[in-house]
Amino acid sequence: MRAEEITGRIAEDLETLKQFTATPGNGCTRLPFTKEAREAVNFLKKTMEEIGLDVREDAAGNVIGILKGENPELPCVMMGSHYDSVVNGGDYDGIAGVVSAIEVARQLKLKGTKLKRNFVVVGFCDEEGMRFGTGYFGSGAIMGNRDAQYCKRFKDKDGISIYDAMKSYGLDPEKVTEAKWPKGSIGNFLELHIEQGPVLDTENIEIGLVDCIVGIQRYMVTVLGRADHAGTTPMNMRMDAVDAATKVISKIPDWAREKADGTVATTGYINTIPGGMNIVAEKVEFTVDIRSRNNDNINDIANRIRAALDREVKAMGGSYTIDTKLVITPVNLSEEMLKIMEESCKLHKFTYKYLPSGAGHDALEIGQVLPTVMLFVPSKDGRSHCPVEFTKYSEFAKATMIMTELAEKLVAQ
């Protein structure tokens, strides 16, 4: 493998994919089931076909390219990441992992690797959950965890459900269960991703070997009070939804800090209704995102939030609801595959470090069931989910070389 050639191809593909954004000049905005998503999918299909993969788009909007092995009935080796983004996000999050997976398939072909089983490249749909507040839609679908009812349940800010968005996009949500892969058909899952944090860049380390991905719970909380005049309603006669909600919100970060083991909790969205400066709020909506490699920590914070809401809402005289958006447990990644990649790093004299992932990935959904591994490349200054997100193309090339050597061993078994 020549690193310069790999770097050039990855650079060319990612530079093209940068164009498929709803916010040109202000980061990548490529939400699921949109025109930009379709453009990216069409490009990925074309690129996969050019290197000789059997290409299809499944019922969940995933792009799949298969490099055939001698015995397609054996459990395949699957590698990929997601092609969607957050709003005004970066140009590498997710999509670089798809491009790198395509390059691994290309390397297997160029090297004349004898494949006993299929090597499958996947570009997953809607990992981020940005549009509908969920996440891991495509990877969840291949694991059999998505159906038409799920698609009807979740809606975007304009009230458009996943179900309706899929229909507008040209997919049939009633058939989303057809995206499920039969039990035993996937043997291993591999994902290459930018770190999205500062550790590798700060310590000048080339490769991150991910040994654990944190669990995540996400909630939408709605606190209901009563709208009143801001000037004429005495403080002791109000049912102020903001008063109750903020007393709970203000405690959440400290509950995460108490855990002192990397547990984090975030309120990233708050909406007051009716939202007037001179009106006591009738309703407050806010999100909670809790993450930890220890699931007990997540559950404890979630329980504290409920208890605090019970207390504050009762004192205020209103009510509240909690809509569970996502519950996924932490996963430890394959020690066997990590050791293979560690040996490759030593062979190439790449510096490396074992570290956990504080971000969720498609590997988190799939790793609940299947042997899974992740590899990180440095993110400049640790920045991600923003327009300044940056990783050198040469860093992707190094990681792709390591992943190729892992894939070679797996497909030969």
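This report describes the overall build of a predicted model and then turns to two of its helices and one strand residue.

## Overall architecture

The chain folds into 13 helices and 16 strands. Its radius of gyration is 23 Å, close to the 22 Å that the globule rule gives for 413 residues, so the chain is as compact as a globular protein of that length. Taken along the principal axes, the box filled by the C-alpha atoms has dimensions of roughly 80 × 45 × 40 Å.

Of the 413 residues in the chain, 56% are buried. Among the contacts with a separation of 6 or more, 78% are made by residues that stand 24 or more positions apart.

## Surface and charge

The area exposed by the chain comes to about 17,300 Å², and carbon and sulfur atoms supply 50% of this area. The chain carries 50 positive and 59 negative side chains, and the centres of these two sets lie 2 Å apart.

## Helix H1 and its packing

Helix H1 comprises the 15 residues 3-17, which at 1.5 Å a residue should span 21 Å, and the computed distance between its end C-alpha atoms, 21 Å, agrees with that expectation. The buried residues of this helix are Ile6, Thr7, Ile10, Ala11, Asp13, Leu14 and Leu17, a set that includes Asp13 alongside residues such as Ile10 and Leu14. The buried residues of H1 pack against three helices, namely H2 (35-50), H3 and H13 (393-411).

## Helix H3

Helix H3, one of the packing partners of H1, covers residues 95-110; its 16 residues should span 22 Å at 1.5 Å a residue, and the end C-alpha atoms are 23 Å apart, which agrees. Most of this helix is covered, with 14 of its 16 residues buried. After H3 comes Gly112, a residue whose phi is positive, near 65°.

## Asn188 in strand S5

Asn188 belongs to strand S5, which is formed by residues 186-194. With a relative accessible area of 17%, Asn188 falls under the 20% cut-off and is therefore counted as buried.

Leaving aside residues up to four places away in sequence, Asn188 touches Cys76, Val77, Met78, Met337, Pro371 and Leu410. One of these contacts, Leu410, has a number that falls within the range of helix H13 (393-411), the helix against which buried residues of H1 also pack.

How values were computed
Residues numbered from 1 in each chain as written. Predicted model: local features only at pLDDT ≥ 70, side-chain atom pairs only at ≥ 80, totals over all residues. Heavy atoms only, no water. Helix = DSSP H or I, 4+ residues; strand = E, 2+ residues; numbered from the N terminus. Rg over C-alpha atoms; globule rule 2.2 N^0.38 Å. Buried < 20%, exposed > 50% of the residue type's maximum accessible area, 1.4 Å probe, protein only. Contact = heavy atoms within 4.5 Å. Areas by Shrake-Rupley, 256 points an atom, 1.4 Å probe, with all protein chains shown as cover. Lys, Arg positive; Asp, Glu negative; His and termini not counted. Charge placed at Lys NZ, Arg CZ, Asp CG, Glu CD. Expected span 1.5 Å × (residues − 1).
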